[in-house]
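Work through the exercises below with the sequence and the coordinates open. Try each task before reading its solution.

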Amino acid sequence: MKRRNFVKKAVLGTMTSVIGAEIVFGTTLPNGYIPLGLQDPDPFKMFDKDRGMEVLNDKPWNIEAKAHLLDDKITPNSSMFIRNNGLIPENIDASTWTLTIDGESVKQKKTYSLSELKSKFPQYTYQLTLECGGNGRSEFDPPAKGNQWTVGAVSCANWTGVRLRDILADVGVKEDAVYIGYHATDVHLSRDPNKEPISRGAPMQKALQDETLIAFQMNGKDIPLAHGYPLRLVAGGWPASVSGKWINRISVRNVVHDGTKMTGDAYRVPCNPVAPGEKVKDEDMCIIESMPLKSLITYPKTGATISTGKTLDIRGHAWAGELEVSKMEYSIDFGSTWRECTLDKPANRLAWQHFRASVDFPKKGYYEVWAKATDTRGNSQPMLLPGWNPKGYLNNACHRIAIKVI
Ligand SMILES: Nc1nc2c(c(=O)[nH]1)N[C@H]1C(S)=C(S)[C@@H](COP(=O)(O)O)O[C@H]1N2
Ligand SMILES: [Mo]
């Protein structure tokens, strides 16, 4: 046999086993051609995402939005960031999906089917801001390991589901309950079935809030697979890692939940500020609860140009974790002076708020528009990078866009 044909046959054999089916006209494959079935999956198609989004990692999938893609008042799936710690579960069957409530602090463990959850408890819809604790990590110096999120790991969609508090009342919770922890069906990167990619939670006080949902719909439809289909915990205003996707179990704990990524330095910041680069002992790291005050200019896109004498309309969103944003300002002189924007009330508690302003520039040249939010307690966003921390969480510096007046 000619060596070339031999190689081709061997390669064909490998391809066939990877594809899992006979490549029927395989012998006519042009040399060097890789069948589509073997090419890298197209994440934009697979997850129905805008092609302007940025893939930060494909194992696991981590994809972020750009500021201008987040211009919608309610974030559509197409521009919602994806943050996975493991592999997305496969072959989900919603008709057999169950949620079990267990743990030391339940009177008796109880399991619900999806349809029981939907029929037994009243349903609520809230717009809830979900921001990854690591959003903005890319700016820290010395750099922090992990996905280098810029500004796009935040969303505010409409979530529909039942209140966790109603479920917990139905189950019966003991007085010693301090925390809930979720468990989900995504797969650890090692594929070890005994390891969980992530299992976080929240104190009872957060678990029992009206807006803390066990959700089965996002923006009026089944939750997209990448965002937790068919069932997701949604706890707005806290690091989005608390909002477990693909959940099938919630444990009511009599201790602070100690699941994967609850302990050590994960989703924790130094309890007291440290110098950049300083080593911090695990016991000096505190769990992140409410996310900080922040805002994003979603229009125009950074780098926009405008003619002299024209007014530029800017807009965006602002959010403040558990609090509300009370004032929104912009600056065109690198933070020396500020002018007020028009700011809307939130659609509900824990939803981001929209702002807009008409900006005039004195003459042609390069400008930056900076945006700064103030919350109901009078705290404002830091203009530049706030407290360095080992894992690069909670960067809530003012968002800035570049504008050229020509
Ligand atoms: N089961 C499960 N839930 C999860 C995660 C995960 O990897 N697995 N990632 C968490 C983190 S760190 C974030 S920031 C949000 C991201 O939500 P999204 O991908 O729907 O935007 O989901 C959280 N819930
Ligand atoms: Mo996250």
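The exercises that follow concern a predicted model and cover its ligand site, two sheets, and some backbone details.

**Exercise 1. The ligand site**

Task: Find which residues come nearest to ligand 1, and identify the polar atoms that approach the ligand.

Solution.
Step 1. List the neighbours. There are 19 residues around ligand 1, and the nearest are Phe 81, Asn 85, Asp 186, His 227 and Lys 245.
Step 2. Look for short distances between polar atoms. The side chain of Asp 186 has an N or O atom 2.6 Å from a nitrogen atom of ligand 1. In the side chain of Lys 245, an N or O atom is 2.6 Å from an oxygen atom of the ligand. Ser 243 contributes through its backbone: an N or O atom there lies 3.0 Å from a nitrogen atom of ligand 1.
Step 3. Consider how far the ligand is covered. On its own, ligand 1 exposes 530 Å², and the protein buries 99% of that area.
Step 4. Relate the site to the cavities of the protein. The largest cavity is the space that ligand 1 takes up. Strands β3 (82-83) and β8 (179-184) are the elements that give two or more residues to the shell around the ligand.

**Exercise 2. The sheet with mixed pairing**

Task: Work out the strand order of the 5-stranded open sheet, and decide whether strand β19 is largely enclosed or not.

Solution.
Step 1. Follow the partners across the sheet. The order is β17-β24-β23-β19-β20, and the pairing is mixed.
Step 2. Find the edges. β17 (304-306) and β20 each have a single partner strand, so one side of each lacks a neighbour in the sheet.
Step 3. Examine the parallel pair. β17 pairs with β24 (residues 399-405) in the parallel sense over 3 bridges, and Ile 306 stands opposite Val 405 in β24.
Step 4. Turn to the antiparallel pairs of β19. With β23 (residues 365-375), β19 pairs in the antiparallel sense over 6 bridges. With β20 (residues 339-340), it runs antiparallel and is joined by 2 bridges.
Step 5. Locate Tyr 330 between its partners. Tyr 330 stands opposite Ala 371 in β23 and also opposite Arg 339 in β20.
Step 6. Judge the burial of β19. A residue counts as buried under 20% relative accessible area. Of the 7 residues of β19 (residues 325-331), 5 are buried, so the strand is largely enclosed by the rest of the structure.

**Exercise 3. The antiparallel sheet**

Task: Determine which strands form the edges of the 4-stranded open sheet, and how many bridges join β18 to β22.

Solution.
Step 1. Write the order. It is β16-β18-β22-β21, with antiparallel pairing.
Step 2. Read off the edges. β16 (294-299) and β21 (342-343) are the edge strands, each pairing on one side only.
Step 3. Count bridges for the inner pair. β18 (residues 312-319) and β22 (residues 353-359) run antiparallel and are joined by 7 bridges. Within this pair, Asp 313 stands opposite Ser 358 in β22.

**Exercise 4. Unusual backbone geometry**

Task: Locate the cis peptide bonds before Pro 60 and Pro 142, and the positive phi values of Asn 219 and Lys 261.

Solution.
Step 1. Recall the usual case. Most peptide bonds are trans, and most residues other than glycine have a negative phi.
Step 2. Check omega. The bond joining Lys 59 and Pro 60 is cis, with omega about 0°. Pro 60 is in the loop between β1 (54-58) and β2 (61-64). The bond from Asp 141 to Pro 142 is also cis, with omega near -5°, and Pro 142 lies in the loop between β6 (123-131) and β7 (154-163).
Step 3. Check phi. Asn 219 has a positive phi of about 50° and lies in the loop between β10 (213-218) and β11 (221-222). Lys 261 has a phi near 70° and lies in the loop between β13 (247-253) and β14 (268-270).
Step 4. Add the accessibility. Asn 219 is partly exposed at a relative accessible area of 28%; Lys 261 is partly exposed at 29%.

**Exercise 5. A buried threonine**

Task: Which backbone nitrogen lies 2.9 Å from a polar side-chain atom of Thr 129?

Solution.
Step 1. Place the residue. Thr 129 is in strand β6.
Step 2. Check its burial. Thr 129 has a relative accessible area of 5% and is buried.
Step 3. Identify the partner. The nitrogen belongs to the backbone of Trp 352.

Definitions and conventions: Residues numbered from 1 in each chain as written. Chains lettered and ligands numbered in written order. Predicted model: local features only at pLDDT ≥ 70, side-chain atom pairs only at ≥ 80, totals over all residues. Heavy atoms only, no water. Buried < 20%, exposed > 50% of the residue type's maximum accessible area, 1.4 Å probe, protein only. Pairing = 2+ DSSP bridges. Near = heavy atom within 4 Å. Polar contact = N/O pair within 3.5 Å; in protein donor to acceptor, adjacent residues only side chain to side chain. Areas by Shrake-Rupley, 256 points an atom, 1.4 Å probe, with all protein chains shown as cover. 1 Å grid on protein atoms, 1.4 Å probe; cavity = no way out; pocket = protein on both sides within 12 Å on 5 of 7 lines; lining within 4 Å. Sits in = over half its atoms within 2 Å of the grid points.
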